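Biologist: Please take a close look at one part for me, the largest nonpolar core. Which of its residues touch the most other members?

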Amino acid sequence: MNDPLRLFFALPCPADQAQAIGRWRDEQGLDGRAVPLANLHLTLAFLGAQPADALAEIARLGESIHAEAFELRLDRLISLGKGFTCLAPEQPPRALGDLVARLRAGLAERGLPVD
């Protein structure tokens, strides 16, 4: 059986930052279901439903991409539709843009769509 997997590339949120975001979020009185702190992350590319047998190749792609270290300031609240609200950077660091560009290029080379 090759049931599809919902896949995405993301950077994990460091635990201390997740705690700070959680405290801030709880003070805002926002509607909706809060994401558990352990699940906070920065999505780099959402692949949607992919066949399970593609996972190894997708993982190899992720392992092959390297990036410069960068600081990320999450300073605006945005809505992505369907009631999904998240924090985002007003000025994304150049190194983050470079990382996403390399990742998207690698996905395109493999014929994998990015949502």
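Modeller: A contact here means heavy atoms within 4.5 Å. Among contacts between residues at least 6 apart in the sequence of this chain, 69% join residues at least 24 apart. Note that the model is predicted.

Some background on the chain comes before the core. Its secondary structure comes to 3 helices and 4 strands, and from the N terminus on the elements run β-α-β-α-β-β-α. The C-alpha trace spans about 45 × 35 × 25 Å along its principal axes. Of the 115 residues in the chain, 24% are buried, where buried means under 20% relative accessible area.

Now to the core. In soluble globular proteins, nonpolar side chains tend to be buried together. The largest nonpolar core of this chain has 15 residues. To your question: F9, L44, L47, I58, L61, L103 and L107 touch the most other members. At least two residues of this core come from each of β1 (4-12), β2 (41-51), α2 (55-64) and α3 (94-109). The largest share is that of α3, with 5 residues.

F9 can serve as a way into the core. Leaving aside residues up to four places away in sequence, F9 touches L42, T43, L44, A45, L47, I58, L61, G62, L103 and L107. Six of the names listed with F9 as touching the most other members of the core, namely L44, L47, I58, L61, L103 and L107, are also among the contacts of F9.

For contrast, consider a place on the surface. The chain exposes about 8,300 Å², and carbon and sulfur atoms supply 54% of that area. W24, L30 and L77 make a nonpolar surface patch of about 270 Å². L30 sits in the loop between α1 (15-28) and β2. L30 counts as partly exposed because its relative accessibility is 44%, and partly exposed covers values between 20% and 50%.

L77, another residue of the patch, leads to the strand pair of β3 and β4. Strand β3 (residues 76-79) and strand β4 (residues 85-88) run antiparallel and are joined by 4 bridges. S79 stands opposite T85 in β4. The hairpin of these strands has 5 residues between them, and there G81 takes a positive phi near 95 degrees.

To return to the part you asked about: β1, β2, α2 and α3 each supply at least two residues of the core, and α3 gives the largest share.

Methods:
Residues are numbered from 1 along each chain as its sequence is written. This is a predicted model: local features need pLDDT of at least 70, side-chain atom pairs count only at pLDDT 80 or more; totals for chains, interfaces and linings use all residues. Side-chain values use heavy atoms; hydrogens and water are left out. A nonpolar core is a set of buried Ala, Val, Leu, Ile, Met, Phe, Trp, Tyr and Cys residues joined through side-chain atoms within 4.5 Å. Buried means under 20% relative accessible area, exposed over 50%, partly exposed in between (1.4 Å probe, protein chains only). Two strands pair if DSSP finds at least two bridges between them. Patches are made of residues with over 30% relative accessible area and no salt bridge: like charges are joined within 9 Å, nonpolar side chains (Val, Leu, Ile, Met, Phe, Trp, Tyr) within 5 Å. Accessible areas come from the Shrake-Rupley method with a 1.4 Å probe; for residues, only the protein chains shown count as cover. A salt bridge is a side-chain nitrogen of Lys or Arg within 4 Å of a carboxyl oxygen of Asp or Glu.
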